[in-house]
Amino acid sequence: METIKRLLLNVLSDDLEASKAFYTTLFDFEVDYDSDWFVHLISTSHQLELGIMSVNSDILPTGIQPQPRGFYTTLVVSDVDAVFEMAKSTGLTVLSEPEDTFYGQRRLVLESPEGSIIDVSALIPNFSPEHLQ
């Protein structure tokens with residue numbers, strides 16, 4: 001069994017600039033590398049990485065250059081409502097406004113420019129199921 005040393009999630013985008021702005025405006029990602037076919041983002045703690053690759057990149061094997069559909073991912077933050085306000089003020093697509101869930105998280109769902117579903121969640125302090133009643 002091979003030991004995993006690093007995990008880099010890459011999303012396919014047809015608008016690198018819009019995708020880069022989405023992740024760096026709402027979250028603590030900084031641009032580590034920027035080109036016309038690939039952007040590498042890294043969190044300020046240097047623990048998380050995200051790659052954004054042009055859907056038209058020659059790096060992709062022939063025949064798998066699909067329309068961007070992204071992925072579904074959850075980004076855990078401290079303040080979902082602050083992210084919501086930033087998303088609204090910059091005209092981003094909000095799929096579901098912040099709400100408290102039955103499983104103890106406050107949750108916001110956004111659509112990123114490349115079509116990814118981004119679940120932005122934060123733990124509800126001192127949560128109990130009665131919290132929602």
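In this predicted model, T73 stands opposite I118, a residue of β8. The pairing belongs to a wider arrangement, as β5 and β8 run parallel and are joined by five bridges. Strand β5 itself covers residues 72-76. In a regular strand, side chains alternate between the two faces of the sheet. Strand β5 shows this nicely: T73 and L75 point to one face and are buried, whereas Y72, T74 and V76 point to the other face and are not buried.

One residue from that second face, Y72, also takes part in a surface feature. Together with L95 and I117, Y72 forms a nonpolar patch on the surface, and the three residues have about 280 Å² of accessible area together. L95 is located in strand β6, which spans residues 93-100. Its relative accessibility is 45%, and because residues between 20% and 50% are classed as partly exposed, L95 falls into that class.

The loop between β7 and β8 is worth a look next. S112 is found there, and with a relative accessibility of 3% it counts as buried. Setting aside neighbours within four places in sequence, S112 is in contact with F22, Y23 and I118. I118 is thus a recurring name, being the residue in β8 that T73 stands opposite. G115 lies in the loop between β7 (residues 105-111) and β8 as well. G115 has a relative accessible area of 14%, and since the cut-off for buried is under 20%, G115 is buried. Although G115 and V11 are 104 residues apart along the chain, their C-alpha atoms are separated by 9.6 Å.

Backbone geometry singles out two further residues. H46 is not a glycine, yet it has a positive phi of about 60°. This histidine sits in the loop that links β3 (38-43) with β4 (49-54). H46 is exposed, its relative accessible area being 54%. N126 likewise is not a glycine and has a positive phi, here of about 55°. N126 belongs to the segment that follows β8 (117-123). With a relative accessible area of 79%, N126 is exposed.

Notes:
Residues are numbered from 1 along each chain as its sequence is written. This is a predicted model: local features need pLDDT of at least 70, side-chain atom pairs count only at pLDDT 80 or more; totals for chains, interfaces and linings use all residues. Side-chain values use heavy atoms; hydrogens and water are left out. Helices (H or I, at least four residues) and strands (E, at least two) are DSSP runs, numbered from the N terminus. Buried means under 20% relative accessible area, exposed over 50%, partly exposed in between (1.4 Å probe, protein chains only). Patches are made of residues with over 30% relative accessible area and no salt bridge: like charges are joined within 9 Å, nonpolar side chains (Val, Leu, Ile, Met, Phe, Trp, Tyr) within 5 Å. Accessible areas come from the Shrake-Rupley method with a 1.4 Å probe; for residues, only the protein chains shown count as cover. A salt bridge is a side-chain nitrogen of Lys or Arg within 4 Å of a carboxyl oxygen of Asp or Glu. Contact means heavy atoms within 4.5 Å. Two strands pair if DSSP finds at least two bridges between them.
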